[in-house]
Structure formats: C-alpha cells, structure tokens
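Work through the exercises below with the sequence and the 3D view side by side. Try each task before reading its solution.

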Amino acid sequence: MAVGEPPEADAARPRLCNLTDLKVGARARIVKVGVNAQGADVESRALELRLLEMGFEEGGEIELAHIGLVGRDPLAFKVHGMLVALRRRQASTIIVESLGD
C-alpha cells in the first residue's frame with residue numbers, strides 16, 4: 001500500500017500467485033500462461049501451446065480439485081467442465097489471480 005492510499009485500495013489489487021500455490025477447492029482466473037518462476041517466457045513454446053489447447057487460456061476460470069499423494073504430484077484442475085491433471089512443473093508456468101473462494 002502506498003503512502004496516503006486508503007486501505008481498501010490494497011484490497012482491490014489482484015492477488016497474483018502461481019497455480020501451484022492454490023489450495024484444494026480454491027478458484028482463480030488465469031492471468032498468464034507459459035512463464036517460468038522468474039516471469040520470463042518459457043523456452044518451450046510446445047508446452048504453452050499444449051496448455052492452451054487443454055483450456056488453460058488467459059482470462060479463464062480454474063479450480064484446484066485434487067493434489068496427488070506422492071510428492072504432491074500431479075495436480076488436478078477443473079477447467080471448462082473438464083478435469084485435467086498437470087505435473088507440478090507444468091502448473092508452475094501458469095500465473096493466476098485468486099478469486100478468494
């Protein structure tokens with residue numbers, strides 16, 4: 001929060017996080033597909049295209065449905081009425097805005 005800015009201004013800012021940071025049942029809106037942890041574009045355009053083909057497009061809503069037991073991998077997401085499983089490293093290339101559910 002900036003100096004002199006009302007507290008509600010901070011609450012109005014989107015809460016961006018990595019898709020792997022969601023908790024089971026949490027809903028989010030996809031902000032960016034195909035970034036690595038540092039925010040730079042992923043070198044493999046093939047992964048980005050594959051994610052887009054599976055319905056992980058910017059602006060789309062997503063819900064974390066399940067986290068695997070062994071190594072917390074894979075992660076299962078509800079996207080466009082489908083249940084899609086991703087490895088944690090694949091999900092880490094997606095930045096989302098938490099919808100606070």
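**Exercise 1. Find the salt bridge of Asp-73 and place both partners.**

Solution. Asp-73 pairs with Arg-87 in a salt bridge, and their closest N and O atoms lie 3.9 Å apart. The term asks for a side-chain nitrogen of Lys or Arg within 4 Å of a carboxyl oxygen of Asp or Glu. Next, place the partners. Asp-73 sits in the loop between β3 and β4, and Arg-87 in the loop between β5 (82-86) and α3 (88-91). The pair links distant parts of the chain, 14 residues apart. Helices here are DSSP runs of H or I with at least four residues, strands are runs of E with at least two, and both are numbered from the N terminus.

Now check exposure. Asp-73 has 23% relative accessibility, so it counts as partly exposed. Arg-87 is partly exposed too, at 42%. Buried means under 20% relative accessible area, exposed means over 50%, and partly exposed lies in between (1.4 Å probe, protein chains only).

A note on the source: this is a predicted model, in which local features need pLDDT of at least 70 and side-chain atom pairs count only at pLDDT 80 or more, while totals for chains, interfaces and linings use all residues. Residues are numbered from 1 along each chain as its sequence is written, and side-chain values use heavy atoms, with hydrogens and water left out.

**Exercise 2. How many salt bridges does the whole structure hold, and which residues form a network?**

Solution. A search of the whole structure gives three salt bridges. Take Glu-61 next. Glu-61 bridges to Arg-27, with the closest N and O atoms 2.6 Å apart. Glu-61 lies in strand β3 and Arg-27 in strand β2 (residues 27-33), 34 residues apart. The side chain of Glu-61 also meets that of Arg-29 in a salt bridge, at 3.3 Å from N to O. Arg-29 is in strand β2, 32 residues from Glu-61.

Then read the accessibilities. Glu-61 is partly exposed at 38%. Arg-27 is partly exposed at 28%, and Arg-29 is partly exposed at 29%. Last step: shared partners join Arg-27, Arg-29 and Glu-61 into one network.

**Exercise 3. What is the geometry of the Phe-56 and Phe-77 ring pair?**

Solution. Start with the rule. Rings of Phe, Tyr and Trp (its six-membered ring) pair if their centres lie within 6.5 Å; planes under 30 degrees apart are stacked, over 60 edge-to-face, and the rest tilted. The count is one aromatic pair. The ring centres of Phe-56 and Phe-77 are 6.2 Å apart and the planes stand at 90°, so the pair is edge-to-face. Phe-56 belongs to the loop between α2 (45-53) and β3 (61-67), and Phe-77 to strand β4 (residues 75-79), 21 residues apart.

Are these residues buried or exposed? Phe-56 is buried at 0% relative accessibility. Phe-77 is buried as well, with a relative accessible area of 0%.

**Exercise 4. Describe the overall layout: which elements occur, and in what order?**

Solution. Count the elements: three helices and six strands. Read them from the N terminus: α-β-β-α-β-β-β-α-β. Then turn to burial. Of the 101 residues in the protein, 31% are buried.
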